[in-house]
2 protein chains.
Amino acid sequence: MTMNPAFDLASLAALLADQTRAAMCLALLDGRAWTAGELAAQAGVAPSTATEHLHRLISGGLLVQRRQGRHRYVQLAGSAVAQLIEDLAAHTAPSRTPARGLREATASAALRRGRTCYDHLAGRLGVALTDAMTTAGLLDQTGGFALTPAGLTWLTDELGLDPVDLRQSRRPLARGCLDWTERRQHLAGTAGAEVCRRLLDNQWLVKVGSSRAVKITPIGKSELRRLLELPDID
Amino acid sequence: MTMNPAFDLASLAALLADQTRAAMCLALLDGRAWTAGELAAQAGVAPSTATEHLHRLISGGLLVQRRQGRHRYVQLAGSAVAQLIEDLAAHTAPSRTPARGLREATASAALRRGRTCYDHLAGRLGVALTDAMTTAGLLDQTGGFALTPAGLTWLTDELGLDPVDLRQSRRPLARGCLDWTERRQHLAGTAGAEVCRRLLDNQWLVKVGSSRAVKITPIGKSELRRLLELPDID
DNA sequence: GTGATGGTTCGGTGCCGGCCGAAACAAGCC
DNA sequence: GGCTTGTTTCGGCCGGCACCGAACCATCAC
């Protein structure tokens, strides 16, 4: 089937080398499942065109689908794929995207402030949380990017995460994810995903509108200030 | 200049979405500077075609060039680019590449045994070294991928690396790089690069032929066995 | 100078693939 | 049963781009 490494690499890159498919993948970075029609509208193409693109993305292994009634739900095939797309996006030239119009300006400001990145937190909020955990000795960024032993017990004892959930996956527990707006690393990996889930479950964070943006609640602010020295996000 | 994220992502991916350009980038993963003609031959295209591809790769920021006499030397723009290409290659389906013919079989066996990956060590040798450092308590892979304090002093005191060299870069000190043949993580980042350089300088490792393959010397084997519990690489 | 070699520029060709609209399916709703 | 809505298939159009060869330019060797 597969011929040579160059062919494989080119085939994989070709999946993302089209603006429409790239827009779809970027939209899917919120981790949710989208219908084919939603993605077509988001990318600004006809439904028939979206069908072809989805076919390529799925048979290329980047997306998985679930058919339900007359809808076709599609989402990223896993965190590894999300990671890959984020990495690529981060390598994009420091994108000055001056939002035009008030609506876009406030929307992009909200995204810069805090958002989900597939399954973990990013934006200034994600970076601030990562920094706070680092100064608290829970993360070690001097020799790479890893949880300290103190960090592991903090996750289980203070946040109440399940040690089993943290350990079962073959995915690394903690890893850095380079944020493409902040140009800083923030916590990803299994730990990043579980922390994000827990903060949302606790209502310490809430989603803003229907986008990927999140914001911190008053309860969350006080709780996080109790557990960490988390500074205010303007 | 840059319009929207989807466009930027697609543009970046498009650089690697051609088999010829992918072959060039894969060849350049050895970290050396190649001439335009060498790359043309390697990729199997006419020199004029190679010129166009190199132009795109350079203006896209993936490659840099240095003109010298009538030669044009070209190499990857930096370790971040190398990292990106390695990541993409690792996401490629577990590539069964049954080498045909004895020459290719022995060549690919040598590569699987040990090789350089841009500026650090990979293959079974790279994985074995990483494992040995982990069991010796020099690396921590339980909570991510990071050097321990003991690991840092080991690099400077035992291997004699310069602490200044290790710290000056904005690149992470240690990070995991997923090996696409072994499907295992191995040491990359500044520390990985410096270790590789030192082992080659000390003649503990030598390059095999003109490829990326490396092998361990008798002196290297005894020295590494003195410093670590490094098992034999078959 | 002449000749050889590495690299680039320039036409020209051909194919791949992204796009749409129209029509066909399929699943719900009444 | 009909009507709406979400999705797919099928032609057909069109642009982009990967490729080559031939001519041209630059550098080195003599």
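Okay, let's start at the DNA. By class, the surface near DNA strand C is made of 4 nonpolar, 10 polar and 4 charged residues. Before I go on, keep in mind that this is a predicted model.

So who sits around strand C? There are 18 residues around DNA strand C, and Ser48(A), Gly69(A), Thr35(B), Gly37(B) and Ser48(B) come nearest. If you look at the elements behind that surface, H4 of chain A supplies at least two residues, and so does each of helix H3 (36-43), H4 and strand S3 (71-76) of chain B.

Now over to the other strand. DNA strand D has 19 residues surrounding it, and the closest are Gly37(A), Ser48(A), Ala46(B), Ser48(B) and Gly69(B). Here, helix H3 (36-43), helix H4 (47-59) and strand S3 (71-76) of chain A, along with helix H4 (47-59) of chain B, each bring at least two residues to the surface. Which element gives the most to the surface near DNA strand D? That's H4(A), with 4 residues. And the class count for strand D comes out at 5 nonpolar, 10 polar and 4 charged residues.

Let's stay with H4(A) for a second. This helix lies across S2 and S3 of chain A, and runs at about 120° to S2(A). Those strands belong to an open sheet of 3 strands in chain A, in the order S1-S3-S2, with antiparallel pairing. Strand S1 (34-35) and strand S2 (63-68) are at the edges with a single partner strand each, so one side of each has no neighbour in the sheet. S2(A) and S3(A) pair over 6 bridges in the antiparallel sense, and if you want a spot to look at, Leu63(A) stands opposite Leu76(A) in S3(A).

Next, the inside. The largest nonpolar core has 132 residues, and the ones touching the most other members are Leu9(A), Ala13(A), Leu16(A), Leu9(B), Ala13(B) and Leu16(B). Take Leu9(B): leaving out residues up to four places away in sequence, it touches Leu16(A), Ala22(A), Leu26(A), Leu88(A), Ala89(A) and Thr92(A).

Last thing, two backbone oddities in chain B. Tyr118(B) has a phi near 65°, a positive value in a residue other than glycine, and it's in the loop between strand S4 (115-117) and strand S5 (120-122). Gln203(B) also has a positive phi, near 65°, in the loop between helix H10 (189-201) and strand S10 (205-207).

Buried or exposed, then, for Tyr118(B)? Tyr118(B) counts as buried, because it has 24 C-beta neighbours inside 10 Å. Gln203(B) has 11 inside 10 Å, so that one counts as exposed.

Terms used:
Residues numbered from 1 in each chain as written. Chains lettered and ligands numbered in written order. Predicted model: local features only at pLDDT ≥ 70, side-chain atom pairs only at ≥ 80, totals over all residues. Near = placed C-beta within 6 Å. Nonpolar A, V, L, I, M, F, W, Y, C, P; charged D, E, K, R; others polar. Core = buried A, V, L, I, M, F, W, Y, C linked by C-beta atoms within 7 Å. Buried ≥ 20, exposed ≤ 12 C-beta atoms within 10 Å, placed from the backbone. Contact = placed C-beta atoms within 7 Å. Pairing = 2+ DSSP bridges. Axes fitted to C-alpha atoms, helices over the stretch in contact; angles between N-to-C directions.
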